[in-house]
Amino acid sequence: MIDIYAGKTAAKIITEQGFKPDLFNAFLGASGGPKWFTLFGLDKYIFGEFFKNRSSQLNLIGSSAGAFRSACFSQNDPVAAIERLAKSYSQTRYSSNKPTPNEITTKARALLEDVFGDNGVTEIINNPVFKAHFIVAKSNGLVASELKALQLLGLTKSYLSNRVNRRFLTTQYERVIFQAPNSELAVKDSYKFKTTHIDLTTDNLKDALLASGSIPLVMQGIKNIAGAPAGMYRDGGIVDYHFDFKINNPGLILYPHFNSDPKAGWFDKSLKRKVAAKNYDNVVMITPSKKFIASLPYGKIPDRNDFTDLDSDTRIKYWRTVFSETEKLADDFDKKLNSENVELKIIE
């Protein structure tokens with residue numbers, strides 16, 4: 001059901017010491033919108049069982065959908081929070097199959113209220129164990145415009161620049177990490193994106209999280225977030241879609257992901273460009289197997305195209321089935337944890 005990939009250092013440690021919760025000091029959550037639904041069962045198991053009695057700090061690092069998941073995991077009841085996110089997101093309905101950025105953004109703000117409830121924001125900020133980090137892309141130049149034509153022109157420039165060299169994106173985007181207070185997280189990025197760390201507060205947490213998922217052209221950007229440099233903030237996946245940086249993490253990094261071929265940034269999705277294996281040296285990546293994905297309705301994992309390709313009732317039924325099926329991934333992970341030897345595929 002699941003495949004487990006590990007960097008060389010991670011594989012050596014797990015082979016010698018076993019697959020133990022205390023070996024992990026960080027958790028990654030990637031962008032990808034509804035693709036995350038494939039990990040629903042695993043998420044509930046990992047934070048409801050695997051990390052249930054944890055007392056040492058765990059850095060939760062996410063962009064876009066991964067940031068939303070991190071916001072759930074750092075609440076007092078992470079399983080209830082992730083269930084609220086899954087229900088609210090999957091049952092979202094729009095007025096047409098081509099909703100405006102304003103409608104999508106308005107619905108996303110309503111989703112946040114469902115996910116946080118009355119105390120979610122303060123629980124995230126004050127959580128002593130699970131430390132949330134939301135990655136956001138500060139957008140400069142034409143990509144900061146809310147005029148569709150100008151924004152599209154800026155994105156075209158991004159696409160063409162990235163095909164030549166990912167470093168060329170650094171003139172258009174900066175990485176901003178909104179983080180739990182007192183976080184010591186630092187990243188080393190060979191692509192040299194300017195990186196700024198901003199503490200999460202009751203004044204900026206909702207805007208920071210919404211910005212991390214604000215897809216260009218699809219949603220409105222978030223402007224002038226409290227406590228952060230003035231400017232336009234958009235989807236963190238633009239810069240860090242599936243991550244290609246080194247984290248200053250003394251332990252291992254757990255990374256449930258919906259496929260085994262991570263891409264550095266949003267504009268790498270159609271490219272063969274690989275992430276650097278050295279950045280995954282201490283990463284353990286859990287993915288659904290190809291056989292499991294083939295067994296799902298339509299033989300694929302959910303994605304944003306489902307909003308337009310399927311009517312709402314069909315889409316919601318399909319996604320509900322996926323949620324149910326992902327419980328099998330959790331069962332398989334539990335089985336592997338309780339086996340004498342966990343089979344690992346080396347990330348190279």
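A residue is called buried here when its relative accessible area is under 20%. In this predicted model, Ser64 comes in at 8% relative accessibility and therefore counts as buried. Ser64 sits in the loop that runs between β3 (58-63) and α3 (65-73). Its backbone is a bit unorthodox: phi of Ser64 is near 55°, a positive value in a residue other than glycine. Asn224 is another non-glycine with a positive phi, in this case about 55°. This asparagine belongs to the loop between β8 (222-223) and β9. With 44% relative accessibility, Asn224 counts as partly exposed, whereas Ser64 is buried.

Turning to the aromatic side chains, a search of the whole structure turns up 27 aromatic pairs. One of them brings together Phe47 and Phe130, with ring centres 5.5 Å apart and planes at 65°, so this pair is edge-to-face. The cut-off behind that label is an angle over 60 degrees between the planes. The contact ties together distant parts of the chain, since Phe47 belongs to helix α2 (residues 40-50) and Phe130 to strand β4 (residues 130-139), 83 residues apart. Phe47 has 4% relative accessibility and so counts as buried; Phe130, at 10%, counts as buried too.

A further edge-to-face pair is made by Phe243 and Tyr255, at 5.9 Å centre to centre and with 65° between the planes. Here the partners are twelve residues apart, and the pair again links distant parts of the chain: Phe243 comes from the loop between β9 (232-234) and β10 (246-247), while Tyr255 is part of strand β11 (residues 252-256). Phe243 and Tyr255 are both buried.

Back at the first pair, Phe47 and Phe130 also belong to one aromatic cluster. Their companions in this cluster are Phe19, Phe24, Phe27, Tyr45, Phe50, Phe51, Phe73 and Phe333.

As for charge on the surface, Arg167, Lys188, Lys192 and Lys278 form a positive patch. Lys192 is placed in the loop between β6 (187-188) and β7 (195-199). Its relative accessibility of 59% is why Lys192 counts as exposed.

Finally, there is Ile293, which is found in helix α9 (residues 290-295). Ile293 has 18% relative accessibility, so this isoleucine counts as buried, the cut-off being under 20%. Along the chain, Ile293 and Glu325 are 32 residues apart, and their C-alpha atoms are separated by 10.0 Å.

How values were computed. Residues are numbered from 1 along each chain as its sequence is written. This is a predicted model: local features need pLDDT of at least 70, side-chain atom pairs count only at pLDDT 80 or more; totals for chains, interfaces and linings use all residues. Side-chain values use heavy atoms; hydrogens and water are left out. Patches are made of residues with over 30% relative accessible area and no salt bridge: like charges are joined within 9 Å, nonpolar side chains (Val, Leu, Ile, Met, Phe, Trp, Tyr) within 5 Å. Accessible areas come from the Shrake-Rupley method with a 1.4 Å probe; for residues, only the protein chains shown count as cover. A salt bridge is a side-chain nitrogen of Lys or Arg within 4 Å of a carboxyl oxygen of Asp or Glu. Lys and Arg count as positive and Asp and Glu as negative; His and the chain ends are not counted. The place of a charge is taken as NZ of Lys, CZ of Arg, CG of Asp or CD of Glu. Helices (H or I, at least four residues) and strands (E, at least two) are DSSP runs, numbered from the N terminus. Buried means under 20% relative accessible area, exposed over 50%, partly exposed in between (1.4 Å probe, protein chains only). Rings of Phe, Tyr and Trp (its six-membered ring) pair if their centres lie within 6.5 Å; planes under 30 degrees apart count as stacked, over 60 as edge-to-face and the rest as tilted.
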